[in-house]
Amino acid sequence: MGLQDRIVITGVGLAAPNGNNLSEYRQNLLSGVSGVQDFETRYMGKVHAGVCGFDPLRYQKKKDLRRGTRAGSVAIYCSREAIADSNLELEELDRSRVGVFLGITEHGNVETENEVYNISQHGHDTAFWTHHHNPRTVANNPAGEVTLGLRITGPHYTLGAACAAGNTGIISGVQMLRLGEVDYALAGGISESIHTFGIFASFKAQGALAVHEDPTQASRPYDVDRNGIVVSEGGCVYVLERFEHAQARGAKIYGEVAGYAMNSDASDFVLPLPERQIECMRLALDRAGIEPNQVDIVNTHATATKLGDIQESLAVKEVFRDAPTTYFNNTKSFIGHAMGAAAALELAGNLPAFNDRIVHPTINVNNLDPECGITNLVLNEAREIDRVDYILNNSAGMLGVNAVVIVKRV
Amino acid sequence: MTKEEIRAAIIDILNDIAPDEDTSTIQDDVSLRDQLGLDSMDFLDIVMELRKRHNVEVPSPDYPQLATMDSCLEYLHPKMG
C-alpha cells in the first residue's frame, strides 16, 4: 500500500437527466437522446434544465427525503447503485475503511432560498426558519447523508471546485486510497443546483443562460448559435479501490485512473485561461506517462458559452496538435451542465468505449463555430474508432479551477 | 376547536413529519416517540407546524407535554380550544 498504488474503478452509480444507470445513459448518448426539458423555477417561471428521473424511494424513506436535501438523495442513490454495480456487499465490508468524497459546485443555496421564501410567507419572522437549515446546508451534507444512509464510518467530505468538482472528487478518492486512509472510496460529484432560481438568474444576468424553442436543442456547445448554459441536476459516484485488491476479488474493472492534475488560472472569476488548461492537461499526461497521441478520447468541458468554448478549444488544439487519432466529444450537449456532477458523469458516459470503441457524439451542432474547429470532434453521430486505451476527461470551473483525469483500459 | 378536532390537526402534522408511519393506529396513552420512531428534530417539527398552522407557541420547557397524544390534547386544548 503506497503512493504508487494503481487505483481502479470497479463500480459506477449515476443519476443523469437522460439515464438512471450507466447502460441506459450510454445507450441514450449513443442514440442522441437529450435529457433537457422545460422546468418551472420560482420567480423565473419556465427555464430549460436537465432533470433526473431516478426513484429516490428506492433507497430512502419518505422521512429521509423530507429531512435531507436533494443533493443528499442523489448522492445516496448513486452510492448505492455504485456499490451494487461493484458487486460488493455493504454489510460485509469494514465500513470504517470506506470513504466518501464528493465534488460539488455549490451547496446550501437551494435550502437557504427555500427558507427565505418560507419566512417571507410569515412576515419575515425568523421564528419560522427551520431547525433543519444547518444540517441541510453544511458543506459536507451530500457526502454526510451517504454515510448516514449507508452507515459508513470512514472519512467523508465534499470538495468545492465549481464545475471541475466531479473530477476533483475522483482525484481525492485516488489520493485517499494511496495514502492508505481507506480501502474503498465512493468518489465523484453531485448537483442539486436546478432547485434554486439563483443559478439560473445569475447565468441570465451574465448573458449565459441557454434559450431555445426546443429544450432538447438548448445545450449546443460548439454551435455558432449557442447562447449559454443549460443547468442540470445529477450525480455520479464511482467505487475506487486498489488494483491488486480488485483483481484478487475478481471485480469487474472499468479502468484505471492513470493520471490526474489540478491547477488554478489565477486570472479571472469566470473566464477560463487556455494557458493554464494546457498546463493542467500536460501535467496529467506526464503523470500518466503518456504522450498526447496515446489518448484516444478527450471529453471536453465546453458549456456552450461563446467564449468558454473557444478558450477550451484553443487549449485542446494546442495539447493535441500532433495527435491525429485522438477524438473529441462533449456530453453537455445531451444533459446540460450538471455542475458538481458534470465531470464525473461525462467520464462515465465514455467508459464503455473501452469495450465498444464507440465515441459518443456531441449533438446539436448544426453550424460548427470555426473558432471551435477541433480536428476529430465527433459531431452529431457516434463514431467507431480503432482502439480506446486512454480517455482524458477535461474540466474547468469558476475562479479558474482546472481538473483533469485520465483513465486507462485495464 | 374541540379535542377531536385538535387530535385530527395533530394527526395531520404527524402524517407529514412521519410519512412512512401509519398514524391511524396511534394509541393515545403511549409515547409518540416510541410509536412513530420520532426524535428530537421531529418534535421541533411538531412545534414549528403548530406555530405555522395554528398560531400556537410551545415554549421549550413545555416540550415534554407533547409526549403522548393524551398529553398533547391536555396541553393544547386550552390554547386551541
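In this predicted model, strand 14 (residues 390–397) and strand 15 (residues 401–408) of chain A form an antiparallel pair held by eight bridges. Within this pairing, A:Asn393 lies opposite A:Val405 of strand 15 of chain A. As a general reminder, the strands of a sheet pair through backbone hydrogen bonds, either parallel or antiparallel.

Strands 14 and 15 of chain A belong to an open sheet of ten strands with mixed pairing, and the strand order in chain A is 5-4-6-8-1-9-15-14-10-11. The edges are taken by strand 5 (156–160) and strand 11 (327–329) of chain A; each has a single partner strand, so one side of each is left without a neighbour in the sheet. Neighbouring strands of this sheet are turned against each other by 25 degrees on average, with direction ignored. Helix 13 of chain A packs on the sheet, and its direction makes about 160 degrees with that of strand 14 of chain A. Besides strand 14, this helix of chain A touches strand 1 (7–15), strand 4 (98–104), strand 6 (184–191), strand 8 (234–242), strand 10 (297–299) and strand 15 of chain A.

Helix 13 of chain A also has a helical partner. What angle does helix 13 (residues 342–350) of chain A make with helix 7 (residues 165–178) of chain A? The two helices pack at about 80 degrees, and their axes are 5 Å apart. Because angles of 65 to 115 degrees count as roughly perpendicular, helix 7 of chain A is roughly perpendicular to helix 13 of chain A. On the side of helix 7 of chain A, the residues in contact are A:Gly166, A:Asn167, A:Gly169 and A:Ile170, and they meet A:Ala342, A:Ala343, A:Ala344 and A:Leu345 in helix 13 of chain A. By class, this contact between helix 7 and helix 13 of chain A has five nonpolar and three polar residues, and no charged ones.

A view by domains adds to this picture. The domain assignment divides chain A into domain 1 (7–248) and domain 2 (259–408). Taken over C-alpha atoms, the centres of domain 1 and domain 2 of chain A are 21 Å apart. Their contact draws 57 residues from domain 1 of chain A and 52 residues from domain 2 of chain A. Several elements of chain A give two or more residues to the domain 1 side, among them strand 1, helix 1 (22–30), strand 4, strand 6 and strand 8. Which element of chain A gives the most to the side of domain 1 that touches domain 2? Helix 7 of chain A does, with eight residues. The side of domain 1 of chain A that touches domain 2 of chain A has 29 nonpolar, 22 polar and six charged residues.

Chain A also holds an open sheet of three strands, with mixed pairing and the order 2-3-7. Strand 2 (36–41) and strand 7 of chain A stand at its edges, each with a single partner strand, so one side of each is left without a neighbour in the sheet. Strand 2 and strand 3 of chain A run antiparallel and are joined by six bridges; A:Asp38 has A:His48 in strand 3 of chain A as its bridge partner. These two strands of chain A form a hairpin with three residues between them, and A:Tyr43 in the turn has a positive phi of about 75 degrees. Strand 3 and strand 7 of chain A, by contrast, run parallel and share two bridges, with A:Ala49 partnered by A:Val231 in strand 7 of chain A.

Taken as a whole, chain A has 14 helices and 15 strands, and its C-alpha trace spans about 65 × 50 × 40 Å along the principal axes. A compact globule of 410 residues would have a radius of gyration near 22 Å, and the 20 Å of chain A agrees with this.

Chain B has four helices and zero strands, so to speak in the order α-α-α-α from the N terminus on. The C-alpha atoms of chain B fill a box of roughly 30 × 25 × 20 Å along the principal axes. With 81 residues, a compact globule would have a radius of gyration near 12 Å, and chain B, at 11 Å, agrees. Where chain B meets chain A, the contact takes eight residues from each of the two chains. By class, the side of chain B that touches chain A has five nonpolar, three charged and no polar residues.

Definitions and conventions: Residues numbered from 1 in each chain as written. Chains lettered and ligands numbered in written order. Predicted model: local features only at pLDDT ≥ 70, side-chain atom pairs only at ≥ 80, totals over all residues. Axes fitted to C-alpha atoms, helices over the stretch in contact; angles between N-to-C directions. Parallel < 35°, antiparallel > 145°, perpendicular 65-115°, else oblique. Contact = placed C-beta atoms within 7 Å. Nonpolar A, V, L, I, M, F, W, Y, C, P; charged D, E, K, R; others polar. Pairing = 2+ DSSP bridges. Domains from an automatic or database assignment. Rg over C-alpha atoms; globule rule 2.2 N^0.38 Å.
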